[in-house]
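Trainee: I'd like a close look at one part: the surroundings of the ligand. Please walk me through that part slowly, then carry on to whatever follows on from it.

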Amino acid sequence: MIVPDVSDVSDVPRPLVDSFGRVHRDLRISVTDRCNFRCTYCMPAEGMTWLPRSEVLTFEELDRIARLLVERHGIRSIRLTGGEPTVRAHLPVLVGKLAALPVDLALTTNGATLRSCAADLAAAGLRRVNVSLDSLQPERFVELTRRDELVNVLDGIDAALEAGLAPVKVNVVVVRGVNDDEVVDLARYGRDRGVRVRFIEFMPLDAGEAWRNEQVVSQAEILERISAVFPLEAITRGHEPAERFRYLDGRGEVGVIPSVTRPFCEQCDRIRLTAEGQLRSCLFSLEDHDLRGVLRSGGTDDDLSDAIEACVGAKWAGHAINQVQFVRPRRSMSQIGG
Ligand code: SAM
């Protein structure tokens, strides 16, 4: 049991402390289940069934839940994700609403349309952005994402930098035999462009259920490959999922999200809201807590708070990837909100 440190949320009435003493300050909101890419480690090539629009939370509903979580429950950072969040119409309007709250507001995107929307998002109050980029090789990029968009994604990263979204981070899911030979190239790209690359261990959240442990490239192996070319030293770990390392020559830093080989569940301070308003306390949860039902049946803020606290109260100690008791969640990453 961790001794809960609620000092920074002592000004809120009901901090979200779970039964293991973890204090929750970070909210991921999936604004849509739709995506304009079909990354092989996430979605099938075709046959996705999208949520009907009426089932997706409106901006007003999202604003109400977010406001309550911030003002009453001590959420301090919000990340918008999906699906692909930039395919949601009028995204800057939502960003504007959420930016009025005292939170660190960020976005995770595939970057393909950032050239046209980065400035609007920044003007609306977005602070920073994570862009997914798994290969610098045009043909491989098409194989991985099933879309010919590498040029636009690289340009989107430049647009985010120009718009002042800082820091820009680049997410790379590393899959053995697919793109693990590009780890050093992607690290070099991050150093050259001044963006922070974060390598993510492949998790069993692909729609095709093809994940195998042998495809996971561990944090240790990723670091070994990078530091053979660009020597690194560890930076003290905070609450974020990435373990961070700085280049000894002073040219920035790199991170690894070792969800499989070095799970960070003990420090997890995250909750997730799916596009259809289901609250989840873990990516791998098998249970959803229905906030949309509470909202749309005329529930009060107290009713919402009760549902939120029930979700956090039921949070488990950690996921159990690679253990016999592990059960894959029914939904894939794009349906939960990564
Ligand atoms: N469409 C946006 C994007 O491309 O970043 C946001 C949603 S995407 C589901 C969020 C993150 O989840 C991306 O960085 C993606 O690479 C990552 N992701 C998806 N499936 C994954 C898996 N099976 N294992 C690890 N990361 C995964």
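Mentor: Let's start at the ligand, then move on to a loop and a set of charged side chains.

First, some ground rules: this is a predicted model, so local features need pLDDT of at least 70 and side-chain atom pairs count only at pLDDT 80 or more, while totals for chains, interfaces and linings use all residues. Residues are numbered from 1 along each chain as its sequence is written, and side-chain values use heavy atoms, with hydrogens and water left out.

Now the ligand. It has 20 residues around it, where being near takes a heavy atom within 4 Å. Y41, G83, E84, S132 and M203 come nearest. Sorted by class, that shell is a mix: 8 nonpolar, 9 polar and 3 charged residues. Watch the bookkeeping there: Ala, Val, Leu, Ile, Met, Phe, Trp, Tyr, Cys and Pro are the nonpolar class, Asp, Glu, Lys and Arg the charged one, and the rest, Gly included, are polar.

Where does the shell come from? Strand 5 (104-109), strand 7 (168-174) and strand 8 (196-201) each give at least two residues to it. Strands here are DSSP runs of E, at least two residues long, and helices are runs of H or I with at least four, numbered from the N terminus.

Zooming in on polar contacts (N or O atoms paired within 3.5 Å), take G83 again: one of its polar backbone atoms is 2.9 Å from a nitrogen of the ligand. T109 also offers a polar backbone atom, in this case 3.4 Å from a ligand oxygen. With N171 you're looking at the side chain instead: a polar atom there lies 3.3 Å from an oxygen of the ligand. On its own the ligand has 540 Å² of accessible area, and the protein covers 95% of that; areas are Shrake-Rupley values with a 1.4 Å probe.

Follow the chain back from strand 7 and you reach the loop that joins helix 5 (150-162) to that strand, with P167 in it. The peptide bond from A166 to P167 is cis, omega being near -5 degrees. That catches the eye because most peptide bonds are trans.

Next, the charged side chains. K169, R196, E240, R244 and E253 are tied together in a salt-bridge network, a salt bridge being a Lys or Arg side-chain nitrogen within 4 Å of an Asp or Glu carboxyl oxygen. R244 has two of the partners: its closest N–O approach to E240 is 3.3 Å, and to E253 it is 2.8 Å. R244 is partly exposed at 23% relative accessibility, and E240 is partly exposed too, at 24%. E253, at 14%, is buried; buried means under 20%, exposed over 50%, partly exposed in between (1.4 Å probe, protein chains only). The structure as a whole holds 35 salt bridges.

Definitions and conventions: Polar contact = N/O pair within 3.5 Å; in protein donor to acceptor, adjacent residues only side chain to side chain.
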